[in-house]
Amino acid sequence: MAVPCEDGVVEQYLKHVTEVGDRRAITATEDICSTSGVKLLAAGYQVNSSLLDKLLRHKLLKPIDHSCVVENAIDSAYLVSRARELLNEQKEFAALIEQETTGDFLHACFGHMQLPTAIRNKLTVLAEQAPRLIDHSLWCTMGSIFLGQKLDMNMVEERHLASAALLHDIGQLHIDHRILDPKERLDEALRRQVQTHPVIGGSIIDALDVYDKAVSRAVLEHHERADGSGYPGGLRGDQMSLAGRILSFIEFSLGIRQSAGARHLAIVIRTYAHQFDPVITRVFWEHFNVAEPLEKYPFDTRDIPALYARLSDILEGWEAVQEHASAQAWTLAERDFRAIRRAFSSVGLAPDLIEDLEASEPDSEAHLEACSVLREGLRQAREATDILSRAAQDDPDMRKDTVVLEWLENTTQALNAR
Ligand SMILES: [Fe+2]
Ligand SMILES: [Fe+2]
């Protein structure tokens, strides 16, 4: 996986830090120097946007987080109190934790966490620049520890899992800042950058020499899928750590639940079950009630015929060109396309069903199921197409293959059309 160059990774983060420095005090705790010995800022002075150009012109001797301190930086007391606020907003989770866990659950999540200054700075910058991402990290920690306890993890494993869940997305501060804007529509280049954040996050954590290797490993694995269709390594379930499998499941489930509701999540997990660890999925079903009234379903089921036509065209096009692409690239994307096909057949998605659905009232259980499967299918098709686009760039044979390139271009356009 191509990670943005080291300078780019540092540059993006410096922009965030100096922007935050305009809003709250960030003080240099030691002289900030370049690798060539130039003193860029003396100890005791403030880091803010007036310093950015100077910082960008030089290569820093140490990562910026090691040479400064953010005023009132996030600590474990903040994490506990913000997590409590989040639980108060989601009474069903609060009740679940109350009934199903023993001892002080929030203390188990955040009380033992190692938080060196560099990490407290980074979490504070994350909270300032992307408040929804720090809340997402808190939710992932609570969800992961809940499942970790149900899966009988020991105390040490649980602590590593908690750190990994809290820190899993810090790599996002080191890639293009547009990624943190939820309204930003990601083009192919940005999506490719997003796929590097587990690698960047894992290496930042390793470089600190504070956390166990299990923490960076789980961070690296948090977008992998049990059937090998995830990124960055395309690892299968048995190649992933238990912490990585729990975190990947929780981060996917919470993301879908927050963006599209429990009803959609329930259908997606059921239809794409092969992407997740069966034991984790079973434990999840046992404890999380994902039934929701119909009126909370977030999509318009009248879109079904159009969604079906779009996705069918893409799948047919894939079948027509599949022998062209290099075998290796194709195996990677093939898993995603096969998963979509399998989901189609598991809910009987075929022209007959679409006609039946069109003719009936648009809010039956069958409508919800078809609509959720199609929406998730389009999302997965987008991921598969990204994999092929990346492969096409690296593979000289594919680059010459006009049939594949033309299909890729048309498919990318079809997937990006609203
Ligand atoms: Fe995440
Ligand atoms: Fe992530």
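In this predicted model, Asp169 bridges two iron ions, ligand 1 and ligand 2, which lie 3.5 Å apart. At 3% relative accessibility, Asp169 counts as buried (under 20% relative accessible area; exposed is over 50% and partly exposed in between, with a 1.4 Å probe and protein chains only).

The iron ion (ligand 1) has as protein donors His136 (NE2), His168 (NE2), Asp169 (OD) and Glu251 (OE), at 2.0 to 2.3 Å. Donors are N, O and S atoms within 2.8 Å of the metal (3.2 Å for Na, K and Ca); water is not among the atoms, so sites may look incomplete. The arrangement is irregular because the 4 donor atoms subtend angles of 85 to 170°; four donors are tetrahedral if all angles lie between 85 and 135 degrees, four are square planar and six octahedral if opposite donors are over 155 degrees apart and all others between 65 and 115, and anything else is irregular. The pair His136, in helix α7 (residues 131–150), and Glu251, in helix α12 (residues 242–271), links parts of the chain 115 residues apart. Helices are DSSP runs (H or I, at least four residues), numbered from the N terminus. Both His136 and Glu251 are buried.

For the iron ion (ligand 2), the protein donors Asp169 (OD), His197 (NE2), His222 (NE2) and His223 (NE2) lie at 2.2 Å. Their spacing along the chain is D-x27-H-x24-H-H. His197 counts as buried, at 1% relative accessibility.

Residues are numbered from 1 along each chain as its sequence is written, and chains are lettered from A and ligands numbered from 1 in the order in which they are written. Local features need pLDDT of at least 70, side-chain atom pairs count only at pLDDT 80 or more, and totals for chains, interfaces and linings use all residues, while side-chain values use heavy atoms, with hydrogens and water left out.

Note on methods: Helix = DSSP H or I, 4+ residues; strand = E, 2+ residues; numbered from the N terminus.
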